[in-house]
Amino acid sequence: MDIREELKSAGVYPTGPCSAWPEVRNIELHKKMRVAPAPSVAHATKVKAGAGKMAGGLLKTAGQAMRHGKVSEVIRNERYETCKACPAFIEDSKRCSECGCFMEAKTWVGGNPKALCPLKKWER
Ligand code: SF4
């Protein structure tokens with residue numbers, strides 16, 4: 001079978017989230033196609049922010065939440081996907097190593113995205 005056909009899958013092969021597709025199979029197919037697979041991100045393993053910075057960030061986030069409420073699910077998911085692809089994201093705890101915040105929650109907070117993401121990676 002042509003590899004491109006196999007990748008399209010046509011309902012025969014897994015069509016669910018990427019996690020359902022074995023990584024080795026992905027690498028194998030990309031090698032055959034001579035296309036480099038997307039490099040995996042080396043994530044942080046611990047919080048860099050000190051207690052003072054975390055407290056300041058928490059206050060700023062709380063202020064934004066009180067003034068602006070929460071964002072739509074679409075924006076929240078967009079932000080969370082950005083975090084998951086960011087080297088500052090700690091996979092185990094789902095925290096940001098830069099600010100120490102829990103990203104499953106913080107990504108919902110309304111307000112200025114550039115003020116909420118310490119590396120200013122959120123678009124909205
Ligand atoms: S908040 Fe910003 S810096 Fe922190 S993990 Fe998310 S994208 Fe990266």
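Let me start with Lys 94, which lies in the loop between strand 1, residues 89–90, and strand 2, residues 95–96. Before going on: this is a predicted model.

Phi of Lys 94 is near 60°, so we have a positive value in a residue that is not glycine. As for the surface, Lys 94 counts as partly exposed because its relative accessibility is 29%, and the band for that class runs between 20% and 50%.

There is a second lysine to put beside it. Lys 120 is found in the segment after helix 6, residues 113–116. Its phi is positive too, about 55°, although Lys 120 is not a glycine. With a relative accessible area of 52%, Lys 120 is exposed, the cut-off being over 50%.

Now the ligand. Where does the ligand sit? The space it takes is the largest cavity. Around the ligand we find four cysteines, namely Cys 83, Cys 86, Cys 96 and Cys 117. The rest of the shell is Phe 89, Met 103, Pro 118, Leu 119, Lys 121 and Trp 122. How does that shell divide by class? Nine residues are nonpolar, none is polar and one is charged.

The last item is Gln 64. It is placed in helix 3, residues 51–68. Is Gln 64 buried or exposed? Gln 64 counts as buried because its relative accessibility is 8%, and the limit is under 20%.

What does the side chain of Gln 64 reach? It reaches the backbone nitrogen of Asn 112, at 2.9 Å. Leaving out residues up to four places away in sequence, Gln 64 also touches Gly 69, Val 109, Gly 110, Gly 111, Ala 115 and Leu 116, with Asn 112 again on the list. For Gly 111 I can add a backbone distance: the C-alpha atoms of Gln 64 and Gly 111 are separated by 5.5 Å, with their positions 47 residues apart along the chain.

To recap, in the order I gave them: Lys 94 and its positive phi, Lys 120 and its positive phi, the ligand in the largest cavity, and Gln 64, buried, with its side chain at 2.9 Å from the backbone nitrogen of Asn 112.

Methods
Residues are numbered from 1 along each chain as its sequence is written. This is a predicted model: local features need pLDDT of at least 70, side-chain atom pairs count only at pLDDT 80 or more; totals for chains, interfaces and linings use all residues. Side-chain values use heavy atoms; hydrogens and water are left out. Helices (H or I, at least four residues) and strands (E, at least two) are DSSP runs, numbered from the N terminus. Buried means under 20% relative accessible area, exposed over 50%, partly exposed in between (1.4 Å probe, protein chains only). A polar contact is a pair of N or O atoms within 3.5 Å; within protein, one must be able to donate a hydrogen and the other to accept it, and residues adjacent in sequence count only if both atoms are side-chain atoms. Contact means heavy atoms within 4.5 Å. A residue is near a molecule or strand if one of its heavy atoms lies within 4 Å of it. On a 1 Å grid over the protein atoms alone, a cavity is a set of points where a 1.4 Å probe fits but cannot get out, and a pocket is an open set with protein on both sides within 12 Å along at least five of seven lines; lining residues have an atom within 4 Å of a point. A molecule sits in a cavity or pocket if more than half of its atoms lie within 2 Å of its grid points. Ala, Val, Leu, Ile, Met, Phe, Trp, Tyr, Cys and Pro count as nonpolar, Asp, Glu, Lys and Arg as charged, and the others, Gly among them, as polar.
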